[in-house]
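Got the viewer open? Grab your selection tool and let's walk through this one stop by stop.

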Amino acid sequence: MAKSVLTVDDSASIRQMVAFTLKGAGYDVVEAVDGMDGLQKAKTKPFNLILSDQNMPKMDGLTLIKSLRALAQYKTVPILMLTTESSDGMKAQGKTAGATGWLVKPFDPQKLLEVVKKVIG
Amino acid sequence: MTVDMSQFYQVFFEEAGEHLSNMENLLLSLDIESPEQEDLNAIFRAAHSIKGGSATFGFTDIAEVTHILESLLDRIRNGELALQKDMVDVFLRAGDILKDQLAAHQNDEESDAEAARGVCEELTRWQHSDESAAPAKVAQPPESTPPADTATAPEQRYTITFTPSSSPTEHGVHMENMAAELGKLGSVDILAEGSAEHPVWRFALTTAAPEEAIRELFDFFAQPTDVVIESAAPAPDEEEQGYGFFTDIAPPEEETEQGYGFFTDVDAVRKTAEEEAQGYGFFEKIEPPKETAPAAASGGGAGRREAGPKGDAASPGKRGGDKAAPAAQTESIRVSVEKVDQLINLVGELVITQAMVAQTASKLPPDVHETLQVSLSQLEHNTRDLQESVMSIRMMPISFVFSRFPRVVRDLSSKLNKQVELKTVGEGTELDKGLIEKLSDPLTHLVRNSLDHGVESPEKRLAAGKPAKGTITLRASHQGGNVVIEVIDDGAGMDREKILAKAKERGIPVSDTMPDQEVWQLIFEAGFSTAEVVTDVSGRGVGMDVVKKNIIHGMGGRIEMESHNGAGTRIIIRLPLTLAILDGMSVSVGGDIFITPLTYIVESLKPRAEDIKTVSGRGRVVYVRGEYVTLLSLHDVFNIKPVVTEPQDGILVLVEAEGKKVALFVDELVGQHQVVIKSLETNFRKVAGISGATIMGDGKVALILDISSLVRLSQG
């Protein structure tokens, strides 16, 4: 069965790009428009990987990561932050929230795929 | 695999456009003295989102501007810089530049790089306007997005990794001092705090001091080999890497090349400096993933400690503050206008078919007809409902047009040194999308005109006993089947004498006894301008005639004016709700049916023979309520053999357009209908005096009268 990825981003263009790239590589991709939406979707089915933007309305990435980590089924699922915030501060906050890693925007599809493969194969 | 990024461009353009207009609205409504934190966050997020997208899709010029914009906005929302009016001006200008750049990319054109550079410089200047205050803050390094150029003076950012070789228990004391000492050099940020298990500390230091100075400082505390100092200046390969893991995923050697590292073991921590430069990393071992939680917990201290100004960004308090965010996708779908128009067309056909069935049924024997009647009226009802719902798809609130005016008024009033407040009323009034698009330019012109010619300077206003601040009101409302849009100013009003004098000068035939309404209409004549000083705002005399042409010919509307000297001017635009259907009166002329748009009809009357007079050179006129109105026989205009030859035997339909009245002589009134407009030009050719055609219930084609051109015709 194809590995499933949840991509959470308020930017439709980025979301589509991520989805298109990962679907092309054979992953199942579900899109969510903000942290709140992402959390709800994550609860509906298990995902193998979650990619989340940081700056989003309603619920930001860090809060999403923390909320996911509070759920039994997401204690260990890899979560990557996709963010333009590449400063150490943001990384440390991501780490504290429980993120597995980060990917700095802008990234190209190849880079994304490379990282995703590294994490979930 | 290669992914063709261009397929996402359109979505990006749309969302960036939305963000920009949201940003502008927020900026315009911002209270400069005490801006709402939520608004600042939303503005920041708009810039941030555009930056992310533009950088991803390779629009580096946009990314560059948004990056600088974002950095400055970030400082403002974090309370590091006070918002100023001039700053907002620069933000608005930056927004304009971004719009241009966006449009340029969309149309494959070159944008104005010079203007972009200018705005970037201004933004950068603001960014550094309080340079002296910066060190007091926790390090606020320039974002690592590569295209941006926020060279922060000669300051350099170092990442210091300190792994003490001596007993970890002593470190607590040392570290306090160490951080304090480092703080003397510049702004210091503790990235990672060592613990007994992982005695590794990481600092980020932004300082103008040379590396040696830092090293000297550490020499005082520890062995030189314990300290790794690296310049965190933007590494050239940063953008190539751009991702990272905080955990074990690959051996360290590869790591260095790939640019990621792990926080959970010491080796990895040593590597973090490289990782910094790469832009991606894992926080913990990915396998086995069970360690996730503990690893995160151990890093907790570091995370909190350095939250600093960015902390606000992550705080839940800003949730819901994002007005700039596009609505969740589930609430709306994007459909091409073509599809909607096709639907409207089909419903139009359905309306006609329904009318045909009704007409045929009426010819059936009464008993059959009666049984049909109930279902037929139900069908008619449903058809009408369907038509209304379909038409409503194309309806948009007029706020789409009104929303641009706060900016227009703001820019223009400061340019003209006038104080003007803009009020908008009835922004929710809906009208057809096609009309919305066409309305924007003429309305802009009218507002500019009111601002330039209408509202006086503060001095003049005060002298006239008015408040220094003028008001321009934009009001939209539904009146019958029309949308009425008013542009009202409380300025000086129009000067009747001046307009008449100007008209004479231009050789426009006028008389001193002309009614006001006709005098005001003069300003819509081509080349007419009474402005004493020609400004670059308005007053070149081009435009008002174009405004009128657009509203009347382009939109099937009417334009009226009211003005009182010293009290202001009111311009009233009446538009049909939609361009697709029309409320009309059907009239018969020699067996043919014509449709007269209801909006133009003043009244219909049966004249007395003695009220009809023949004036040499002007043809026949009819005396109606104290004035003589030109009489126009439709059968003459369209060369139809008339059934009725004398006006007193037929009906006169009094219509008004462009401030002039004409009495149309027709055989009889047939009825009032809502008709679906079909273009005559696309199906046949343009015919003078006819604006379109429609299909009647009996399947016959009826022509729709072009009242404006008939009025002009009657004026000879």
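The tour starts with confidence, then goes through helix packing and ends at the sheets.

**Stop 1: colour by confidence**

Keep in mind that this is a predicted model. For the complex, the predictor reports an ipTM of 0.84 and a pTM of 0.50.

Colour chain A by pLDDT to begin with. Its mean is 85, and 97% of its residues reach 70 or more. Select residues 4–8 of chain A, strand β1, to see the element of that chain with the highest mean pLDDT (92). Then try residues 88–97 of chain A, helix α4, where the chain's lowest element mean (78) sits.

Now do the same for chain B. Here the mean pLDDT is 74, with 72% of residues at 70 or more. Which element of chain B has the lowest mean pLDDT? Select residues 300–305 of chain B: helix α12 has a mean of 36, while strand β15 (residues 592–597) of chain B has the highest, 92.

Two stretches deserve a warning colour. Over residues 233–240 of chain B, pLDDT stays under 50, and the model has 13 contacts beyond four places in sequence for them. Residues 249–277 of chain B also stay under 50, and for these the model has 81 such contacts. Where pLDDT is low, the predicted coordinates should not be read in detail.

**Stop 2: α1 and α2 of chain B**

Select residues 9–29 and 37–56 of chain B, which are helices α1 and α2. Their axes lie 9 Å apart, at an angle of about 155 degrees. The cut-off for roughly antiparallel is over 145 degrees, and α1(B) and α2(B) are therefore roughly antiparallel. The crossing of α1(B) and α2(B) is left-handed.

Show side chains where they touch. On α1(B), pick F12(B), E15(B), A16(B), H19(B), N22(B), M23(B), L26(B) and L27(B). On α2(B), pick D39(B), A42(B), I43(B), A46(B), A47(B), S49(B), I50(B) and G53(B). Coloured by class, this contact gives ten nonpolar, four polar and two charged residues.

**Stop 3: bring in α4**

Keep α1(B) on screen and add residues 85–106 of chain B, helix α4. How far apart are the axes of α1(B) and α4(B)? They are 10 Å apart, and the helices pack at about 165 degrees. That makes α1(B) roughly antiparallel to α4(B), and their crossing is left-handed.

Residues to light up on the α1(B) side include F13(B), A16(B), G17(B), L20(B) and M23(B). On the α4(B) side, F91(B), L92(B), G95(B) and L98(B) are among them. By class, the contact has ten nonpolar, three polar and two charged residues.

**Stop 4: α3 against α4**

Swap α1(B) for residues 60–77 of chain B, helix α3. α3(B) and α4(B) pack at about 165 degrees with axes 10 Å apart, so they too come out roughly antiparallel. α3(B) passes α4(B) in a left-handed crossing.

From α3(B), select D61(B), I62(B), V65(B), T66(B) and L69(B); they meet F91(B), A94(B), I97(B), L98(B), Q101(B) and L102(B) in α4(B). The split at this contact is eight nonpolar, two polar and one charged.

**Stop 5: the six-stranded sheet**

Switch to cartoon and move along chain B. The strand order of this open sheet is β16-β20-β21-β19-β18-β17, with mixed pairing. Select 601–605 and 612–615 of chain B for the edges: β16 and β17 have a single partner strand each, so one side of each lacks a neighbour in the sheet. Neighbouring strands are turned by 35 degrees against each other on average, direction ignored.

For detail, pick residues 651–657 and 660–666 of chain B: β20 and β21 pair in the antiparallel sense over seven bridges. A657(B) has K660(B) in β21(B) as its bridge partner. On the other pairing, β16(B) and β20(B) are antiparallel over four bridges, and I601(B) stands opposite V655(B) in β20(B).

**Stop 6: the five-stranded sheet**

Last selection: the open sheet ordered β22-β14-β15-β24-β23 in chain B, again with mixed pairing. At its edges are β22 (668–676) and β23 (690–695) of chain B, each pairing on one side only. The twist averages 35 degrees from one strand to the next.

Zoom in on β14 (residues 581–589) of chain B, which runs antiparallel to β15(B) and is joined to it by six bridges. Click S586(B) to finish: its bridge partner in β15(B) is I595(B).

Methods: Residues are numbered from 1 along each chain as its sequence is written. Chains are lettered from A and ligands numbered from 1 in the order in which they are written. This is a predicted model: local features need pLDDT of at least 70, side-chain atom pairs count only at pLDDT 80 or more; totals for chains, interfaces and linings use all residues. Axes are lines fitted to C-alpha atoms, for helices over the stretch in contact, and angles run from 0 to 180 degrees between N-to-C directions. Helices (H or I, at least four residues) and strands (E, at least two) are DSSP runs, numbered from the N terminus. Angles under 35 degrees count as roughly parallel, over 145 as roughly antiparallel, 65 to 115 as roughly perpendicular and the rest as oblique. A crossing is left-handed if the near helix is turned anticlockwise from the far one by less than a right angle, and right-handed if clockwise. Two residues are in contact if their C-beta atoms, placed from the backbone, lie within 7 Å. Ala, Val, Leu, Ile, Met, Phe, Trp, Tyr, Cys and Pro count as nonpolar, Asp, Glu, Lys and Arg as charged, and the others, Gly among them, as polar. Two strands pair if DSSP finds at least two bridges between them. pLDDT is the predictor's confidence in each residue, from 0 to 100.
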